[in-house]
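User: Hi! Could you walk me through some helix packing and a pocket in the model I'm about to paste?
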Amino acid sequence: MDGNAPRDVNGTTDGRRVYLDKQSPAAYRALVHTADAVRATAAEAGLDRILVELVNLRVSQINGCASCLDVHTRAALRAGETTRRLGVLPAWRDTELFTARERAALALAEATTDPADRLAQDRAYGAARAVLDDEEISAVIWVAIAINAFNRVSILSRHPVRAAATTSPATSPATSAGSATSATASASAPVSAPLPVDATA
């Protein structure tokens, strides 16, 4: 590699990334179908939306996926989550703000994201057994598996997180920031990664 080659702001010599979702649409559609099945599994297990979004967010925090953090923070807030709990989520163990079920789900999500840590995995399973049944444990792990997959698609594609478009008084309602259009809807933008458990968010 030429050490004198121009570098972009991220330190790479070529700022262009392959958008995996666009480049390999059949594989991405298969991942979306898996997400649909995970959504159904979570619903059948009785997992509430806030718990699912906490799992999505904690996994995305660990992986450092800006795109998924953006999507799932907004989804969690729409589901009724509070900014206080979202703010302390990385340190959830050190608070009294999360229920026993949520704590069990978060521990399972972390163990799923780092499966090489067998001790943490055994501890997470032990805690989960006290408050979750087998169906719920399986559903939480599947949610974590799905968001891990979407994290990797977005991170390796470097999906952008753009600021919302600003509007002026002359802007028509059809093109306002609150309309169906978004900052990622341009021809050059990647396909937005759908939510593993709710593609409508």
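User: Which way do α6 and α7 cross, left-handed or right-handed?
Analyst: α6 passes α7 in a left-handed crossing, meaning that the near helix is turned anticlockwise from the far one by less than a right angle, with clockwise being right-handed. This is a predicted model, where local features need pLDDT of at least 70, side-chain atom pairs count only at pLDDT 80 or more, and totals for chains, interfaces and linings use all residues. Residues are numbered from 1 along each chain as its sequence is written, and side-chain values use heavy atoms, with hydrogens and water left out.

User: Nice. Which residues make that contact between α6 and α7?
Analyst: From α6 come Ala100, Arg101, Ala104, Ala107, Leu108 and Ala111, and from α7 Ala120, Gln121, Ala124, Tyr125, Ala127, Ala128 and Val131. Contact here means heavy atoms within 4.5 Å. The class split is 11 nonpolar, one polar and one charged; Ala, Val, Leu, Ile, Met, Phe, Trp, Tyr, Cys and Pro count as nonpolar, Asp, Glu, Lys and Arg as charged, and the others, Gly among them, as polar.

User: And how do α6 and α8 sit, at what crossing angle?
Analyst: Their axes come within 9 Å and cross at roughly 50°; axes are lines fitted to C-alpha atoms, for helices over the stretch in contact, and angles run from 0 to 180 degrees between N-to-C directions. α6 and α8 are therefore oblique to each other, the label for whatever is not under 35 degrees (roughly parallel), over 145 (roughly antiparallel) or 65 to 115 (roughly perpendicular). The crossing of α6 past α8 is right-handed.

User: What about α2 and α8, how are those helices defined and where do they run?
Analyst: Helices are DSSP runs (H or I, at least four residues), numbered from the N terminus. α2 covers residues 25–45 and α8 residues 134–157, with axes that come within 9 Å and cross at roughly 155°. That makes α2 roughly antiparallel to α8.

User: Switching topic: how much space is in the second largest pocket?
Analyst: About 170 Å³, a volume being the space filled by probe spheres set on grid points joined across faces, edges and corners. On a 1 Å grid over the protein atoms alone, a pocket is an open set of points where a 1.4 Å probe fits, with protein on both sides within 12 Å along at least five of seven lines; lining residues have an atom within 4 Å of a point.

User: Which helix gives the most to its lining?
Analyst: α7 does, with four residues. By class, the lining of this second largest pocket has six nonpolar, no polar and five charged residues, including Arg93 and Asp117.

Note on methods. Helix = DSSP H or I, 4+ residues; strand = E, 2+ residues; numbered from the N terminus.
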